[in-house]
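Please open the structure in your viewer and keep the sequence panel beside it. The tour moves from one selection to the next and says what is there at each stop.

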Amino acid sequence: MKDQTDTLLHPEVTGFFDPATNTISYVVKDPGSNACAIVDSVMDIDYAAGRISYDHADEIIAFVRQNDLSVDWLIETHVHADHLSAAPYIQAQLGGKLGIGAKITVVQDTFGKVFNEGTEFQRDGSQFDRLFEDGDTYDVGGMTCRAIHTPGHTPACMTHVMGDAAFVGDTLFMPDGGSARADFPGGDAGELFDSIQKVLALPDETRLFMCHDYGPGGREILWETSVAEEKAHNIHVGGGKTKEEFVKFRTERDAGLEMPKLIIPSLQVNMRAGELPPADADGKRFLKVPINTL
Ligand SMILES: [Fe+2]
């Protein structure tokens with residue numbers, strides 16, 4: 001397949017770090033116009049209090065307005081399990097189309113069962129404006145971008161290539177952070193390794209932007225690296241580690257990990273494209289906690 005993306009373009013990328021969930025959201029500006037994409041936004045939640053708010057999203061909205069940008073796309077790299085998406089909130093104020101990987105239907109089917117959702121919960125991805133298949137392209141202003149299917153962490157994970165930048169979601173962490181877990185339902189360590197190879201096959205100088213950083217060893221929070229850096233130094237896959245080595249390591253590591261603090265609210269909201277579950281007859285909204293299921 002012909003590579004139709006403009007890998008020589010150098011979009012302006014602004015990261016917004018959310019300290020509550022260690023998530024980085026991005027505004028990616030087309031170098032040739034005022035068009036932009038917003039990648040992986042965050043809605044704030046105080047789970048103990050059952051309260052949601054929008055400080056992090058409001059910061060992004062203010063940035064977009066201050067810089068006179070127009071939002072072409074809101075991109076979710078995957079159904080996040082550690083933070084709630086603010087995409088619908090931002091879309092209501094700034095417009096843009098909301099896109100995610102086509103395998104969202106698999107994730108919706110899995111977690112529709114986990115949360116015992118009724119038939120009103122559609123599992124066809126129709127909550128999103130666009131479902132990306134592997135290799136699909138879309139435009140941000142004059143910049144043609146490309147979605148690459150990179151499953152393993154979840155079945156629907158996509159890496160988005162915009163000019164010389166790639167947004168890898170949880171496919172990779174910074175070189176000293178390694179890789180994300182592959183043990184959620186539908187996750188697969190072997191698939192994750194193969195997906196990482198797809199990312200590492202991009203040109204060496206490609207700028208890679210992470211969805212998360214935890215500042216291992218107490219270092220400052222960082223979110224940008226390159227294909228060359230990851231190939232050479234990634235502690236889980238760099239320096240020519242084999243698939244066998246990776247799968248063994250990843251599987252053993254994942255067996256000892258606790259569930260992310262916000263997995264229960266995150267999945268229920270993110271599988272609905274960032275919408276809360278529908279209100280009951282009294283107009284109240286609730287999140288469920290499935291017992292002994294996850
Ligand atoms: Fe994730």
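How far apart are the end C-alpha atoms of helix α4 (residues 189-200), and what should its 12 residues span at 1.5 Å a residue? Select α4 and check its two ends: the expected span, taken as 1.5 Å times one less than the number of residues, is 16 Å, and the end C-alpha atoms are 16 Å apart, which agrees.

Before going further, note that this is a predicted model, in which local features need pLDDT of at least 70 and side-chain atom pairs count only at pLDDT 80 or more, while totals for chains, interfaces and linings use all residues. Residues are numbered from 1 along each chain as its sequence is written. Helices (H or I, at least four residues) and strands (E, at least two) are DSSP runs, numbered from the N terminus.

**Around α4**

Stay with α4 and colour Ala189, Glu191, Leu192, Phe193, Ser195, Ile196 and Val199, which are buried. A residue is called buried if 20 or more other C-beta atoms lie within 10 Å of its own, exposed if 12 or fewer, and partly exposed in between, with C-beta atoms placed from the backbone. Now add β11 (158-162), β12 (165-167) and α6 (243-255), against which the buried residues of α4 pack.

**The annotated domain**

Next select residues 22-212, the span that an unreviewed UniProt entry annotates as "domain: Metallo-beta-lactamase"; UniProt positions are given in the numbering used here, feature names are shortened, and annotations may be inferred rather than shown by experiment. The end C-alpha atoms of this span lie 6 Å apart, and the span is 23% helix and 28% strand.

**The core and Val140**

Show Val28, Cys36, Ala37, Ile38, Val140, Phe209 and Met210, which are the residues with the most contacts inside the largest nonpolar core, a set of 73 residues. A nonpolar core here is a set of buried Ala, Val, Leu, Ile, Met, Phe, Trp, Tyr and Cys residues joined through C-beta atoms within 7 Å. In soluble globular proteins, nonpolar side chains tend to be buried together.

Centre the view on Val140, which, leaving aside residues up to four places away in sequence, touches Val28, Asp30, Ala35, Cys36, Ala37, Asp72, Trp73, Cys145 and Met162; contact means that the C-beta atoms, placed from the backbone, lie within 7 Å. Val140 also stands opposite Met143 in β10. Extend the selection to β9 (residues 137-140) and β10 (residues 143-149), which pair in the antiparallel sense over 4 bridges, where pairing requires that DSSP finds at least two bridges between the strands. The two strands form a hairpin with 2 residues between them, and Gly141 in the turn has a positive phi of about 60°.

**Strand β6 and its partners**

Move to β6 (70-75), which is largely enclosed by the rest of the structure because 5 of its 6 residues are buried. β3 and β6 pair in the parallel sense over 5 bridges, and Ala35 stands opposite Ser70 in β6. Strand β7 (residues 97-101) also runs parallel to β6, joined to it by 3 bridges, with Leu98 in β7 as the bridge partner of Leu74.

**Helices α1 and α3**

Which residues of α1 are buried? Select His56, Ala57, Ile60 and Val64 to see them; they cover an arc of only 100° around the axis, which puts them on the same side of α1, the arc being that of the directions from the helix axis to the C-beta atoms. What covers them includes β2 (23-29), β3 (35-39) and α2 (87-94), among others. Turn the helix over to find the exposed residues Asp55, Ala62, Arg65 and Gln66 on the face turned away from the buried side.

In α3, select Ile104, Val107, Gln108 and Phe111, which are buried; they cover an arc of only 100° around the axis, which puts them on the same side of α3. Their cover includes β7, β8 and α7.

**Positive phi values**

Most residues other than glycine have a negative phi. Just after α3, Asn116 takes a positive phi of about 50°, and with 10 C-beta neighbours inside 10 Å it counts as exposed. Finish at Ala273, in the segment after α7 (263-270), where phi is near 65°; Ala273 is buried, with 23 other C-beta atoms within 10 Å.

Conventions: Contact = placed C-beta atoms within 7 Å.
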